[in-house]
Number of protein chains: 2
Amino acid sequence: MQEIFYFGAGPAALPGPVLAKIRQEFLDYRGSGLSVVELPHRGEAFLEIRDTAEALLRELLQVPDDYAVLFMHGGATSQFSMLPLNFLGPGRLADYVHTGHWSLKASAEAKRLADIREIHALRQGESLRIAPQHEWSLSPNATYVHYCDNETVNGIAFPGVPDVHRGLLACDMTSSILMRPLEVDRFAIIYAGTQKNLGIAGLCVVIIRKDLLDATNERVPRLYDYRRCARERSLVNTPPVFAIYVLQGMLDWVKGQGGVHAMHERSQRRSALLYQAIDASRLYTNRVADEFRSKINIPFEIQDAGLHEVFVREAEQNRLFGLRGHSSTGGIRASLYNAMPDAGVEHLVEFMCNFEAGFGASPIKR
Amino acid sequence: MQEIFYFGAGPAALPGPVLAKIRQEFLDYRGSGLSVVELPHRGEAFLEIRDTAEALLRELLQVPDDYAVLFMHGGATSQFSMLPLNFLGPGRLADYVHTGHWSLKASAEAKRLADIREIHALRQGESLRIAPQHEWSLSPNATYVHYCDNETVNGIAFPGVPDVHRGLLACDMTSSILMRPLEVDRFAIIYAGTQKNLGIAGLCVVIIRKDLLDATNERVPRLYDYRRCARERSLVNTPPVFAIYVLQGMLDWVKGQGGVHAMHERSQRRSALLYQAIDASRLYTNRVADEFRSKINIPFEIQDAGLHEVFVREAEQNRLFGLRGHSSTGGIRASLYNAMPDAGVEHLVEFMCNFEAGFGASPIKR
């Protein structure tokens with residue numbers, strides 16, 4: 001087996017020990033004689049997996065008791081529809097803050113299904129930044145305010161939780177969940193597709209304030225109905241058993257690594273290493289203002305765009321994969337989720353220096 | 001590892017060779033250095049998995065070219081909502097034929113979202129049967145007629161495809177797909193959750209006549225939109241990569257076993273063995289009329305209901321698991337999906353004889 005470092009934006013790499021454990025018990029889940037994928041979803045063994053996953057998530061993120069934790073089919077995209085279907089309707093409006101690709105996708109979907117207001121909060125001058133909140137002009141009567149904590153495509157992130165006064169905050173944390181401590185009680189709803197920091201594709205974790213469950217609309221499709229999902233403890237139908245099992249493994253691993261504080265410290269350190277390499281170079285450019293730089297998805301460019309493909313190819317020859325930028329932007333992107341070992345970033349930085357030494361003479365940084 | 005036979009209704013047992021192959025390549029998918037769960041969903045390796053799965057399904061079921069094959073999040077339950085959301089609305093109506101638990105669930109959901117007519121087609125006399133079609137009185141203007149091919153709870157099944165004249169037929173084949181040859185062109189839409197004969201939970205396969213895609217409603221949630229899913233070849237968002245990979249493995253296995261004709265022959269033989277044992281016994285009863293007996297999910301009762309728990313317990317001591325009947329009916333149920341080896345049914349029948357020899361004297365069959 002070729003040992004590689006994988007910087008893809010998602011589905012993301014999983015920690016080696018998590019994968020090894022899945023493989024190790026794949027044919028016989030704890031002496032049951034069944035594979036975990038064969039477990040009955042209403043049987044004890046799976047219910048314990050679900051409950052353990054929920055308990056671990058509550059512990060790691062210090063989720064207050066008045067919040068429900070739901071495991072739902074789909075991913076963040078399903079939540080783009082669920083939010084308006086559950087909470088909007090005649091006479092109701094929500095604000096959607098745009099800072100990039102994913103917040104735009106969320107509002108594009110909400111717009112199809114309900115009345116929303118779009119708030120363009122991305123500013124492009126010398127550098128890319130998020131507009132200060134006093135420029136947002138939120139609707140006074142918004143049912144909720146939606147934003148995306150960390151944009152994986154342009155690499156822009158909120159440095160903290162925006163203050164929407166008494167408004168309800170709905171947040172897509174697909175790429176950033178479990179990477180730093182969280183004040184859950186500042187949110188009405190947090191959701192995260194699991195294929196980045198929480199395991200594999202096909203599942204979405206939702207953390208929602210329980211009192212809001214009573215405010216959901218009738219006639220929401222069964223699997224999109226937050227209230228029903230909470231009442232049935234995520235067993236509205238056969239849930240994605242394997243994805244919930246992997247989630248449990250990921251949460252267990254994060255706990256063993258020291259929890260979200262340790263993850264945050266590592267994330268800071270690793271991203272600093274990469275940004276330092278970018279800023280110190282004459283070849284690589286990242287255009288996001290310091291304060292808003294994502295510590296998770298770090299895009300950069302080479303002025304001579306023809307070199308992007310060369311970079312990606314040579315990186316792969318050096319066991320560094322998944323570095324091609326998003327199709328909408330081009331360039332290079334390194335995603336540093338929790339599973340990325342420090343050695344991966346160190347190896348990447350070393351490669352970048354060597355690459356620049358080969359090409360650095362001619363191109364001049366903008 | 002304890003070797004067992006698992007008769008659960010779903011998630012169901014997978015064939016040993018399919019599980020072994022998943023395990024074998026789990027840490028390194030074909031020399032990529034990545035686990036299959038880490039593969040980028042728009043990368044070559046996964047696109048090949050998706051395309052192979054689609055091609056195998058088309059080959060095995062002889063799906064005509066004017067049908068699209070879709071891989072969607074969720075399961076049959078998501079289709080319960082999708083069908084009315086995509087095809088019903090003001091001035092439109094659908095007929096829902098009731099024959100048991102799952103067809104009732106489908107119509108209960110459709111009723112929440114649209115106008116439907118319920119057709120009660122279950123007849124309980126001496127035995128349980130499906131009413132002949134001339135008693136159904138279908139709506140002349142129904143947009144589609146929905147039914148469930150095989151009911152897993154009461155063990156009743158359609159012996160063939162109902163003739164709805166020129167009406168559009170929508171069928172839940174979650175439990176029966178790939179167990180017999182299929183005339184796909186008699187259907188408008190076929191759907192099947194994958195956790196029985198197609199792999200693991202969290203995915204639904206949809207086979208839909210392409211011309212119907214243009215008749216879908218606007219404002220359907222993104223992941224529930226058949227037209228969008230067809231246009232984007234099941235990549236509306238990050239799909240359940242692992243479930244699609246397992247699906248490919250299952251289809252490959254069925255092909256290697258001789259395809260759906262071989263599966264059908266085995267299914268006939270195995271179910272006959274079990275029904276013979278039931279009918280020949282003084283202890284066990286199945287109340288479904290011959291013609292409508294499911295070859296897949298075979299429920300039976302012991303007159304002294306107190307013996308059900310004893311039966312289940314002793315069966316487990318004999319390596320026979322998953323035999324407890326559905327919570328709504330009690331009793332015993334044996335599910336014989338494609339992955340069930342003949343030896344499993346033979347072993348079950350032998351156990352049933354021995355069990356009856358121990359208890360058969362006192363209870364008398366009704």
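Start at the seam between the chains: select chain A and chain B together, and look for the two salt bridges counted between them (a salt bridge being a side-chain nitrogen of Lys or Arg within 4 Å of a carboxyl oxygen of Asp or Glu). Before you click further, note that this is a predicted model, where local features need pLDDT of at least 70, side-chain atom pairs count only at pLDDT 80 or more, and totals for chains, interfaces and linings use all residues. Residues are numbered from 1 along each chain as its sequence is written, chains are lettered from A in the order in which they are written, and side-chain values use heavy atoms, with hydrogens and water left out.

Now pick R112(A) and D225(B), whose side chains meet in a salt bridge (4.0 Å, N to O). R112(A) sits in helix α4 of chain A and D225(B) in the loop between β12 (202-209) and α5 (226-231) of chain B, so this pair joins two chains. (Helices, H or I of at least four residues, and strands, E of at least two, are DSSP runs numbered from the N terminus.) Is D225(B) buried or exposed? At 8% relative accessibility, D225(B) counts as buried; here buried means under 20% relative accessible area, exposed over 50%, and partly exposed in between (1.4 Å probe, protein chains only).

Next, widen the selection to the whole interface. You'll find 56 residues of chain A in contact with 56 residues of chain B, contact meaning heavy atoms within 4.5 Å. The two chains bury about 4,700 Å² between them, 62% of it on carbon and sulfur atoms; that's the accessible area (1.4 Å probe) that two parts lose on being put together, summed over both. Highlight R23(A), E38(A) and R112(A): they supply 14% of the area that chain A buries against chain B, more than any other three residues.

Keep R23(A) selected and hunt for the symmetry. Chain A can be laid on chain B by a turn of 180 degrees and a shift of 0.0 Å along the axis, with an RMSD of 0.0 Å (a least-squares fit on the C-alpha atoms of residues with pLDDT of at least 70 in both copies). The two copies are thus related as by a two-fold rotation axis. Which residue of chain A comes closest to the rotation axis? That's R23(A), at 2.9 Å (C-alpha).

Time to go inside. Select I207(A), F242(A), L61(B), I207(B) and F242(B), which touch the most other members of the 140-residue largest nonpolar core. Such a core is a set of buried Ala, Val, Leu, Ile, Met, Phe, Trp, Tyr and Cys residues joined through side-chain atoms within 4.5 Å. Zoom in on F242(B): leaving aside neighbours within four places in sequence, F242(B) has contacts that include F26(A), F242(A), I22(B) and V37(B).

Then jump to helix α8 (residues 307-317) of chain B. Its buried residues are L307(B), H308(B), V310(B), F311(B), V312(B) and A315(B), and what covers them includes β14 (297-302) and α9 (342-359) of chain B. Just past α8(B), R319(B) takes a positive phi of about 70 degrees.

Last stop, two more salt bridges. In chain B, E265(B) pairs with R269(B), the closest N and O atoms being 3.2 Å apart. In chain A, select R50(A), D51(A), E54(A), R58(A) and R233(A) to see a network of salt bridges.
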